[in-house]
Amino acid sequence: MEHAHVDALPGQLRRGTLEYCVLALLRPGERYALDLVRQLGEIDGMVTSEGTIYPLLSRLRRDGLVETTWHESSNGPPRRYYQLTPSGREKLDQFAREWVRFRDAVDSLIVPKGSS
Amino acid sequence: MSPTTSDQQVKQYLRHLRAELRGLPRGRRQEILAQIGEHISACRSEPGVEKEDVHSLLQRLGDPAELAADARESFGVRRPRPGVFEATALLLSGLGPLVVLFAAIATPTTASSWVRVLGSVLLAVPMSLSRIWRVRDKVIGTLLLIGGSIGLPFLMHLYDQTSHVEGTSAALLTTVLVVGSVPFLATTAYLWFRMRRLASHPPTTAPA
């Protein structure tokens with residue numbers, strides 16, 4: 001059922017906004033990759049599968065918007081953490097401003113008039 | 001069930017993923033494989049994870065084909081599909097013997113063999129433009145075509161010389177033509193086989 005939900009949105013729209021959702025989750029500070037992926041996976045309609053977030057993270061790192069660091073773990077192998085770079089933070093802030101304007105514009109056309 | 005079943009599931013998943021990611025540049029492919037590998041081992045090392053959970057863990061990660069399609073789109077890489085270059089290359093290498101024979105008849109006998117080598121390089125042009133075949137495939141294909149373009153006229157020349165001495169034999173001529181065509185047919189078969197491997201989906205069942 002969840003998948004039908006996700007498929008109703010054009011792939012490009014979802015993909016285009018997903019990267020900013022990832023950046024936004026990193027705004028408070030660095031995150032363990034697995035936690036990040038799980039949180040995104042739990043939000044209804046955000047991703048089709050957990051795995052698809054990794055190529056995205058990889059691209060964000062290559063674009064210089066996030067960076068990875070390794071932390072020792074008490075149990076198991078070292079863990080990969082992601083955090084925003086200054087340019088990632090800047091891009092997120094820009095998007096957040098534009099997004100509100102864009103969302104309101106789309107709402108004004110799409111949401112039926114008179115519905116509260 | 002053997003105790004390594006979930007290990008095998010993970011191995012098989014990663015093998016499929018590696019095959020599906022083939023179109024991506026090496027560095028990106030490695031990075032994605034490393035991330036997914038870490039994800040799986042991190043999830044499995046958590047306390048309270050049973051063996052049966054591996055199946056649902058892999059399911060949440062998603063179908064390797066879907067994941068790879070997403071990765072290609074994310075990096076702006078298209079999965080190559082056989083097109084006009086591949087069709088032309090296969091046709092030319094398959095019809096190579098006819099082309100070479102026609103060229104040998106049409107050009108004066110004084111034409112030196114480097115003209116023939118040049119001709120065979122021209123035969124290899126569509127193949128070299130293809131985005132499906134790897135460099136190794138193109139080198140093998142070009143060498144085979146050069147070999148055929150030199151070998152076939154050479155065999156015909158030998159036949160000419162012997163036929164003056166011993167009289168014409170249709171069986172000998174057929175043998176010469178068949179043997180001379182082998183490099184071209186080998187090129188066609190090899191390129192066809194490689195194209196099917198590189199452009200189509202890898203088998204979903206793991207080889208034993």
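Helices here are DSSP runs of at least four residues, numbered from the N terminus. Keep that in mind as you click around this predicted model.

**Stop 1: chain B as a whole**

Show chain B by itself and colour it by secondary structure. You'll find 10 helices and zero strands, so to speak an unbroken run of α when you read along the sequence: α-α-α-α-α-α-α-α-α-α. Of the 208 residues in chain B, 34% are buried. Now think about who touches whom: among contacts with a separation of 6 or more, 76% link residues 24 or more positions apart.

**Stop 2: helix H2 of chain B**

Select residues 26-45 of chain B, which is helix H2. Try a quick check with your viewer's distance tool. At 1.5 Å a residue, these 20 residues should span 28 Å, and the end C-alpha atoms are indeed 28 Å apart, so the two agree.

Next, show the side chains. The buried residues of H2(B) are Arg29(B), Glu31(B), Ile32(B), Leu33(B), Gln35(B), Ile36(B), His39(B), Ile40(B), Ala42(B) and Cys43(B).

**Stop 3: two residues side by side in the sequence**

Click Gln30(B), which also sits in helix H2 of chain B. Is Gln30(B) buried, exposed or partly exposed? Its relative accessible area is 33%, and because partly exposed covers the range between 20% and 50%, Gln30(B) is partly exposed. Now pick Arg18(B) too: its C-alpha atom is 8.6 Å from that of Gln30(B), with their positions 12 residues apart along the chain.

Step back to Arg29(B), another resident of helix H2 of chain B. What is the nearest side chain of opposite charge to Arg29(B)? That would be Glu31(B), 12 Å away, and Arg29(B) is buried yet has no salt bridge. The cut-off for a salt bridge is 4 Å, which is why Glu31(B) doesn't count as a partner. Beyond its neighbours within four places in sequence, Arg29(B) is in contact with Arg18(B), Leu21(B), Arg22(B) and Leu24(B).

**Stop 4: the largest nonpolar core**

Leu21(B) is your way in. Leaving aside neighbours within four places in sequence, Leu21(B) is in contact with Arg29(B), Ile32(B), Leu33(B), Ala68(B) and Ala71(B). Leu21(B) also belongs to the largest nonpolar core, which has 45 residues; along with Leu23(A), Tyr54(A), Ile36(B) and Ile40(B), it touches the most other members.

Bring chain A back into view. Elements giving two or more residues to this core include helix H2 (11-25), helix H3 (33-42), helix H4 (53-62) and E3 of chain A, as well as helix H1 (5-20) and H2 of chain B. Which element gives the most? It's H2(B), with six residues.

Apart from this core lies another, of 15 residues; select Ala124(B), Leu152(B), Met195(B) and Ala199(B) to see some of them.

**Stop 5: the sheet in chain A**

Finish with the strands of chain A. Three of them form an open sheet in the order E1-E3-E2, with antiparallel pairing. Strands E1 (31-32) and E2 (66-71) stand at the edges with a single partner strand each, so one side of each has no neighbour in the sheet.

Zoom in on the pairings. Two bridges join E1(A) to strand E3 (residues 79-84), and Arg31(A) has Tyr82(A) as its bridge partner in E3(A). Six bridges join E2(A) to E3(A), where His71(A) stands opposite Arg79(A).

Definitions and conventions. Residues numbered from 1 in each chain as written. Chains lettered and ligands numbered in written order. Predicted model: local features only at pLDDT ≥ 70, side-chain atom pairs only at ≥ 80, totals over all residues. Heavy atoms only, no water. Expected span 1.5 Å × (residues − 1). Buried < 20%, exposed > 50% of the residue type's maximum accessible area, 1.4 Å probe, protein only. Pairing = 2+ DSSP bridges. Lys, Arg positive; Asp, Glu negative; His and termini not counted. Contact = heavy atoms within 4.5 Å. Core = buried A, V, L, I, M, F, W, Y, C linked by side-chain atoms within 4.5 Å.
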